[in-house]
Structure formats: C-alpha cells, structure tokens
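Please open the structure in your viewer and keep the selection tool at hand. The tour proceeds one selection at a time.

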Amino acid sequence: MAKSWHTRSLLYFLLPGTLSLAGNNLPARAQVAFANNPLDTLPIQERVTLRQGKPVVSGENGCYTARILIDATPSQTWSVLTDYSNYSRFMPNVTASSVLESNNNQHLFEEVDRYHVAPLITVNARTRLAITETPQKGFSFQMVEGKLEELYGRWSLQPVPAYPYASKTQVLLTQQIHVHPRSVTPKNMFYNIFRRHVEKTMKAVRTEVARRSS
C-alpha cells in the first residue's frame, strides 16, 4: 500500500496529464483542479526545482522569466509584492522606495538601488516606474524615468492546487522582465549582474511571505 501511494504521489508531482492514469479515484472537483495546475505546462526539471523552493530563471540578454513556488495564499503573496513603500526592508539592493502618486489601480513608484559591480565600485540608480495592478493576480510595470535604456515587465500570481494529501495552498509567482542598459554600459557585465539580481529578488519575496505568514 505504501509503495502504491508513493508511486501515485510521484506521478502527480512530476508529470502533466497523469490525472487520467492515476487520479480516477479523486473527487471530480479535485480532478478539475489538477487539470488546471499551471505547473503542468513547465518542463519536469523546472517543476522539481520549484517544488524544492528554489527559483527558476530563464532567458538571456536582458529578457528573463523568473518563477518561484511560495507556500502561501494569493492574498498573502499579493500583500508582500505590493508593499512598495517597504521594498527597502526586504528587496535586495533597494535602499529606498516610495509611492509618489496613486489613482485606483495605477501608481507612480520610485526606488533607489545600489549595486556592487566590482570590488570598491558601487553604482546607485534611481528609477521611477508606472505600475498598473490587477488585484490578486499581478501587475505590469514600465520605467518612466531612470538610467536604463529600457525596463518593463510583469509580475503574475497563479494559485497552485495542492498535490495529493497536502494541506497548504501554494502560489506560482512569475516575473517577466525586459531590461537594457544604455550604450555606454558594458552589456555582458550588466546582464550577468541583473540576472543574479532577478534570482535574488524571487528568493527575497518568498522569504518575506514566509516570515509574514508564519
């Protein structure tokens, strides 16, 4: 019996479409939930990494997609992600942040970042972003002022159905970002630094959500 349970759990954990193979005994509501699991569209290795609590970052040359799986509800995750004025408390490299203007679901947001690009060399950058929220689901952002050539993207939250016998709600948090430096900046160095920054940011959000929801 134990071996059978382990095999079925592993199939749910790794493979899309296994509901038709091993889930016929689940209630109809659970079958629909598993069929809509956003993790099922991802490669197996990415799913394994996400289930381990680690971020997955893909892309290159300033166009990245980052994901992380968070053990929390969408509302708990949303509360942290939109706590713009407190980014400096938990987001990497952010030294100051504030909302300058708000109009319903639209905000003008400013943050100051500090990057260590080499030993004894630090770069400070002030950036203003126009943000448009879709509450509990995500928000888009677009740079309106800053030292970069281009910066825009989107954060998205997707509820993830718990795998068999798990009780916690999870959220698949995704950040899609496009960032390009001005021509005077060494691009390879910039992209390498920024990619690491994206990964650190995903970890930071997950850690802060866990801290607040514990």
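Begin by selecting E199. In this predicted model, E199 has a relative accessibility of 32% and therefore counts as partly exposed. Next, add K203, which is also partly exposed, at 41% relative accessibility. The two side chains form a salt bridge, with N and O 3.7 Å apart. Both residues belong to helix α7, where they are four residues apart, about one turn of the helix. Side chains of opposite charge can pair in this way when their charged atoms come close.

Now select R212. Which residue does the side chain of R212 meet in a salt bridge? The partner is D83, at a distance of 2.8 Å from N to O. R212 lies in helix α7, whereas D83 lies in the loop between α5 (74-81) and α6 (87-90), so this pair ties together parts that are 129 residues apart in sequence. R212 is partly exposed, with a relative accessible area of 34%; D83, at 18%, is buried. Extend the selection to E208 and R211, since a network of salt bridges links D83, E208, R211 and R212.

Move on to E46 and R67. These residues form a salt bridge in which the closest N and O atoms are 3.9 Å apart. E46 is part of helix α4 (residues 44-51) and R67 is part of strand β2 (residues 63-70), so the pair connects parts that are 21 residues apart in sequence. Is E46 buried or exposed? With a relative accessibility of 18%, E46 counts as buried, because the limit for that class is under 20%. A search of the whole structure finds eight salt bridges.

The next stop is the interior. Select F139, L173 and V205, the residues with the most contacts inside the largest nonpolar core, which has 37 residues. Helix α7 (residues 187-213) gives the most to this core, contributing eight residues. Apart from it lies another core, of seven residues, including L39, L42, V56 and L69.

Return to V205 and display its surroundings. Leaving aside residues up to four places away in sequence, V205 touches I70, V80, L81, M91, W155 and L173.

Finally, display the whole protein chain. The chain contains seven helices and eight strands, and 44% of its 214 residues are buried. Switch on the surface: the accessible area comes to about 12,100 Å², and 52% of this belongs to carbon and sulfur atoms. Among contacts between residues at least 6 apart in sequence, 48% join residues at least 24 apart.

Definitions and conventions
Residues are numbered from 1 along each chain as its sequence is written. This is a predicted model: local features need pLDDT of at least 70, side-chain atom pairs count only at pLDDT 80 or more; totals for chains, interfaces and linings use all residues. Side-chain values use heavy atoms; hydrogens and water are left out. Helices (H or I, at least four residues) and strands (E, at least two) are DSSP runs, numbered from the N terminus. Buried means under 20% relative accessible area, exposed over 50%, partly exposed in between (1.4 Å probe, protein chains only). Contact means heavy atoms within 4.5 Å. Accessible areas come from the Shrake-Rupley method with a 1.4 Å probe; for residues, only the protein chains shown count as cover. A nonpolar core is a set of buried Ala, Val, Leu, Ile, Met, Phe, Trp, Tyr and Cys residues joined through side-chain atoms within 4.5 Å. A salt bridge is a side-chain nitrogen of Lys or Arg within 4 Å of a carboxyl oxygen of Asp or Glu.
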